[in-house]
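Thanks, everyone, for making the time this morning. I would like to walk you through one structure, going from the overall fold down to a few individual residues.

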Amino acid sequence: MLLVRIGAIVLITAVTVLAFVTGPPLAAMQSGGEASRLFYFHVPIAQVSFLSFMVAAVYAIVYLRKRRPDHDRAAATAAEIGLIFSIVALVTGALWAKQAWGAYWNWDPRQLFLFALVLFYGAFFALRQATTNPDTKRRVSAVYLIFGGAISPFLFFVLPRLYRSLHEDANQVVMAAGSQSTMSPQVASIFGASTLGFLLLYVWMFKLGVAAARIEDGPDADGE
């Protein structure tokens, strides 16, 4: 874990510095300009939030098969971190939108569907808090998170592409990254470092979150 912590701190610090000492990454596009420096943060954070919701769904499936409380804690922790990252992605997206398109909120499909996911996972924690029986809480949570894992790909990737979006130019850059990239080598390097940095930060937060949940549940919780 020490290497994970050091890697996350070093990479995110380096990306933060490089994002402001190099030129705007999407300068030639409609969503470019100075605000496009948020590209190095907004996109990786949104990607990690999606990954976290998938991790939550996988642990939820494992919980239903094995009924071990630790898997429930892992699923809930992943959902919580995914929610936090989604809110940060929503905020950084709004700041970018204000500079690029003149308003924090543009009723853009990506904004709408990301906001829907924030509401969905926010409701999950309200439901989890309202359920007092531990076994019922874990089973209901698992089913909820599996459903969340099923709809997240549609809300992240499928539905936003069915409608005209203000994100289309930035989407082309990100989607091309894995094949014939339209990013310059410098932009691709900073973007890759940022993605890895936030991924390591996620792993760090996940480990801490599961450990904290285990302490909160107490030593007898696994025997319930």
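I will begin with the chain as a whole, then turn to two helices, the core, the surface and two loop residues.

Please keep in mind throughout that this is a predicted model. The protein chain holds 7 helices and 0 strands, and if you read along the sequence the pattern is accordingly α-α-α-α-α-α-α. Of the 224 residues in the protein chain, 45% are buried. As for contacts with a separation of 6 or more, 77% of them join residues that are 24 or more positions apart. The accessible surface of the protein chain is about 11,500 Å², and carbon and sulfur atoms account for 67% of that surface.

Let me take helix α3 next, which covers residues 69-101. With 33 residues at 1.5 Å a residue, α3 should span 48 Å, and the C-alpha atoms at its ends are 46 Å apart, so the expected and the computed spans agree. Helix α3 is also mostly covered, with 25 of its 33 residues buried. Directly after α3 comes Gly 102, which has a positive phi, near 90°.

Helix α7, at residues 185-217, also deserves a look: it has 33 residues, and from its first C-alpha to its last it reaches 48 Å, close to the 48 Å expected at 1.5 Å a residue. Its buried residues include Val 187, Ile 190, Phe 191, Phe 198, Trp 204, Phe 206 and Val 210, and among them are also Ser 194 and Gly 197. Which helices do the buried residues of α7 pack against? They pack against α1, at residues 2-21, α2, at residues 39-66, and α3. Helix α7 is followed by Gly 218, and here too the phi is positive, near 90°.

That brings me to the interior. The largest nonpolar core has 50 residues, and those with the most contacts inside it are Phe 39, Tyr 40, Phe 41, Tyr 121, Leu 145, Phe 198 and Phe 206. The elements giving two or more residues to this core are α1, α2, α3, α4, α5 and α7, and the largest share, 13 residues, comes from α3.

Three residues let us see this packing in detail. Phe 206, setting aside residues up to four places away in sequence, touches Val 55, Tyr 59, Ala 74, Thr 77, Ala 78 and Ile 81. If we now look back from the other side, Thr 77 lies in helix α3, and, with its neighbours within four places in sequence left aside, it is in contact with Phe 206, Gly 209 and Val 210. Is Thr 77 buried or exposed? Its relative accessible area is 5%, which is under the 20% cut-off, and Thr 77 therefore counts as buried.

The third of these residues, Val 48, sits in helix α2. Val 48 has a relative accessible area of 3% and is buried. Leaving aside neighbours within four places in sequence, Val 48 is in contact with Phe 85, Phe 198, Leu 199 and Tyr 202. The C-alpha atoms of Val 48 and Ala 89 are separated by 9.8 Å, and these two residues are 41 residues apart along the chain.

Now to the outside of the model. Ile 87, Val 91, Leu 95, Tyr 104, Trp 105, Trp 107, Leu 112, Phe 115 and Leu 119 form a nonpolar patch on the surface, and together they have about 880 Å² of accessible area. At least two residues of the nonpolar patch come from α3, and at least two from α4, at residues 109-130. Leu 95, one of the patch residues, is placed in helix α3, and with a relative accessible area of 42% Leu 95 is partly exposed.

I will finish with two loop residues and their backbone angles. Trp 107, which also belongs to the patch, is found in the loop between α3 and α4. Its phi is near 55°, a positive value in a residue other than glycine, and Trp 107 is exposed, with a relative accessible area of 61%. Arg 67, in turn, is found in the loop between α2 and α3. Although Arg 67 is not a glycine, it has a positive phi of about 55°, and with a relative accessible area of 42% Arg 67 is partly exposed.

Terms used
Residues numbered from 1 in each chain as written. Predicted model: local features only at pLDDT ≥ 70, side-chain atom pairs only at ≥ 80, totals over all residues. Heavy atoms only, no water. Helix = DSSP H or I, 4+ residues; strand = E, 2+ residues; numbered from the N terminus. Buried < 20%, exposed > 50% of the residue type's maximum accessible area, 1.4 Å probe, protein only. Contact = heavy atoms within 4.5 Å. Areas by Shrake-Rupley, 256 points an atom, 1.4 Å probe, with all protein chains shown as cover. Expected span 1.5 Å × (residues − 1). Patch = residues over 30% accessible without salt bridge, like charges linked within 9 Å, V, L, I, M, F, W, Y side chains within 5 Å. Salt bridge = Lys/Arg side-chain N within 4 Å of Asp/Glu carboxyl O. Core = buried A, V, L, I, M, F, W, Y, C linked by side-chain atoms within 4.5 Å.
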